[in-house]
Amino acid sequence: MATVRIADGIHPIRTNDGTSSALAGGVYPIRSPSLVDLRVTRSRSVERRGVRLNDNGHDDEGLRQEGDFKKRQTFRGKYLLWLAYQSIGVIYGDIGTSPLYVYSSTFTSEPSHQDLIGVLSVIIWTLTMMVTVKYVLIILYADNEGEGGTFSTYSLLSRFVRAPFSGQPSLANITKRDPREASLIKMERHRTGDIEGANLHIRSRIEKSKIARGLLKTIGVLAVSMVMADGVLTPAQSVLGAVQGLSVVKPGIEKSTIVGTTCGILILLFLVQPFGTTKLASSFAPIVIVWLGFNAGFGIYNLVNFDHSVLKAFSPGYAFDYLVRNKYDGWHSLGGILLAFTGVEALFADLGAFSRSAIQMSWLGYCFPCLLLGYIGQAAYISQNEGAYTNPFFNAAPPGMLYPSLVIAILAAIVASQAIITATFQLLAQVMKLSYFPQIKVVHTSKIFHGQVYIPLINWLLMIGTVLAAGIYNNTTSLGNAYGVCVMFVTFFDSCMVSLAALIVWRLPYYVVFLPWLVFACLDGVYLSASLVKVPDGAWFTLLLSGIITCFLILWRFGKESQWHAEAEDRFPTTHLVEKGDGGAIKLTQLYGGDDLTSIKGFGIFFDKAGETTPAVFTQFLSKLVAAPEVMVFFHLRPLETPSIAPEDRYTVTRVAIPNCYRLVVRHGYMDEVITPDLASLVCEQVRNFIIFQGASLKSTPSSSIQTTTQEVTFTPLPRDDEKRREMRALATEETIAADLAKLQHAFDRQVLYIIGKEQMRVKNGTGLWRKAMLHAFLWLRDNTRTKIANLRVQPDRVVEVGFVKEV
């Protein structure tokens, strides 16, 4: 039987809840709207049963600390350079390989010199405006504590767009959160006086309009779904295009050989994903760096040796002239030109894996100049060589560089898909935090860069999807027709969401925000309209796939909100469940029958994930069995986005409002191991240390601060009565400590019980047909994605599983 060593040193236990009412910088922290909604819901439910609740106690003490909130990582020096190097290997593979096919996708016949200059001008200014100005210099700043992507901007708005609680829970927030994890999110809102009139009006409209809140939610979810849909096609497109490049060397290569080789490379690409972003990016970066260097070098060579007059394309007038002169054909060609910046959506979504400064450094310092030189050089070559537009990169290669360029082009095209794969992992990790996706396994792959993650299940699903796409479409022309539409939708969504963030979070004047939004929205709209022409030819597939993913995400979210509502009755302070009876024994309150609780000899540990107030399993255990363990501990886990938590900061122990009941909050990083076979010994030791430490604090506290002040002023000795009172108090404290320690040790030695709840849910009778179908689908998904009790690494013979049913 495990024992507790009393001789062990005592570590200080943090018992503060970390909350503060201090105001700073015009932003004030406020409690989660989910908690407000939850308490109102449960209060009304219980009051209907004849009891009014008073939440005056501090039953949730120790659950919240300032350090629980996610914080943005900042890097300088060698780490920043390392991240910038990594970002080249991941982010720019997609957008960096566009010179292989932009001109061939834009022109269907030999272009005139005037049209060539016009298209080059459009490319130059599109890269400048859409990528450099819009994304690198503006949108990257709309991160949510370091995380990027459209959904992260929605999460950012959900922290700042909230109405102060005014008795109307429906107006309290734009997104509900899991009540068990809501305190991990730092909620902020600018005071009314600190925000301009028009900005305040926009915020108020969003807060009060159910349609506006629903629209924001839909945009966020659609953007994630469209990036994921592109995540299925991009690897197939890039790898298939690379393998098809072998036809330059061997024109008679069979299609079955190309498709088979493509599928083999795709499988290998996904098999190496578990190595993590840092290792993959560090390995891929030299390939992309050399590839971009080839583009720059070839560009300079062709510019010097052929037609340097193409440099006049830097004047935007040639771009406007091309579009005006060619009218419909010019607009239609934008569907090919937009391939020059596909992958820009991954640049924002991958922000969490790198950093804003690293991405800006790598783009502005290397990738952007290399791409410009590559496109300019190709235009210089095409202008002097008839038919060169069909395969501009290889045709424009300097003498003796064809085979080296072919090898590096194939390698670059293969690693190009890493950008969208990494972005998919980042976005799925974000949507799981807001309960739009089941809580599946997420692996943090770096101790240094906390935002780099890998999701095994999604990796294998993406692998299956990309292999099927490559096998079914089997050529880049068909895949290219399905590509680009989702990218343009996402860039338009980003323009709108970041503009809202600029008004509400950054508090910029509306006239400063409107003009840039109008310019970028027009650019997005023009390219989007041109890409929609591809819908009948294949783009319908990505739109359909993104629609299916969107339905799944919204279905899961709908089910989770229904689940939270059903669970609300079981989440309240312990004082509403039990009270002291005659003789000091605890009993159920009148609401639950008023019966005396039978004492179960032993040490009971009630599991409650992140936890808020009373664990649901505790309520069900006591109310159904009318019994309670001799000593009880509420065991809560607080997963923080850091590799490890120092031992002195890891455990927080507090007393609960009922006798012999404690709360242990374990804060842990993603590299920490928490649930171990000897968990009960650790829990018991932490509670024992808390009892001793609390007793020592009580003995050292003066009986009256006023008396102490008087002593300091008058320099009179402590009165005899006070000395006796202090001696009696110290004696009583020692007796209390000894009694509590004896109870703890006796309960632990008798038996240990790990008490875990297993909640089953069923649909209420009389539920509407459509809602009933959605709930049944959610419950099926929930039952097949839950963590199994068998996976819990504790002694199985000590586990007590309490099953209960909730109606939704």
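Here a biologist and a modeller talk through the cores, salt bridges and sheet of the structure above.

Biologist: Before we start, what kind of model is this, and from where are residues numbered?

Modeller: This is a predicted model, where local features need pLDDT of at least 70, side-chain atom pairs count only at pLDDT 80 or more, and totals for chains, interfaces and linings use all residues. Side-chain values use heavy atoms, with hydrogens and water left out, and residues are numbered along each chain as its sequence is written, from 1.

Biologist: Thanks! Which helix gives the most to the largest nonpolar core?

Modeller: A nonpolar core is a set of buried Ala, Val, Leu, Ile, Met, Phe, Trp, Tyr and Cys residues joined through side-chain atoms within 4.5 Å; buried means under 20% relative accessible area, exposed over 50%, and partly exposed in between (1.4 Å probe, protein chains only). The largest such core has 158 residues, and Tyr92, Tyr103, Leu120, Ile123, Phe341, Trp363 and Tyr375 touch the most other members. Helices (H or I, at least four residues) and strands (E, at least two) are DSSP runs, numbered from the N terminus. With 15 residues, the top contributor to this core is helix α8 (residues 210–244).

Biologist: And how many residues are in the second, separate core?

Modeller: Phe603, Val633, Tyr651 and Ala680 are included in that core. Its size is 28 residues.

Biologist: Let's turn to charges. How many salt bridges are there?

Modeller: Side chains of opposite charge can pair when their charged atoms come close. The rule for a salt bridge is a side-chain nitrogen of Lys or Arg within 4 Å of a carboxyl oxygen of Asp or Glu. One network of them links Asp115, Asp321 and Arg325. By this rule the count is 16.

Biologist: How many residues apart are Glu561 and Lys217?

Modeller: These two side chains meet in a salt bridge, at 3.9 Å from N to O. Glu561 belongs to helix α21 (residues 539–567) and Lys217 to helix α8, so the pair links distant parts of the chain. Glu561 is partly exposed at 24% relative accessible area, and Lys217 is also partly exposed, at 24%. The two residues are apart in sequence by 344 residues.

Biologist: Is Asp740 buried or exposed?

Modeller: Asp740 forms a salt bridge with Arg655 at 2.9 Å, N to O. Arg655 sits in strand β9 (residues 651–655), while Asp740 is in helix α26 (residues 720–750). Arg655 is partly exposed at 31% relative accessibility. Asp740, at 11%, counts as buried.

Biologist: Which strands stand at the edges of the open sheet?

Modeller: Strands pair if DSSP finds at least two bridges between them. The open sheet has 6 strands with mixed pairing, in the order β9-β10-β8-β7-β11-β12. Each edge strand has a single partner, so one side of each is left without a neighbour in the sheet. The edge strands are β9 and β12.

Biologist: Which residue in β11 does Phe606 stand opposite?

Modeller: Strand β7 (residues 598–607) pairs with β11 in the parallel sense, over 4 bridges. Opposite Phe606 stands Ile755.

Biologist: Last one: which residue forms a salt bridge with Glu807?

Modeller: Glu807 lies in strand β12 (residues 799–807) and its partner in strand β11 (residues 752–762), so the pair ties together parts that are 45 residues apart in sequence. The closest N and O atoms are 3.4 Å apart. Glu807 is partly exposed at 36% relative accessibility. The partner is Arg762.
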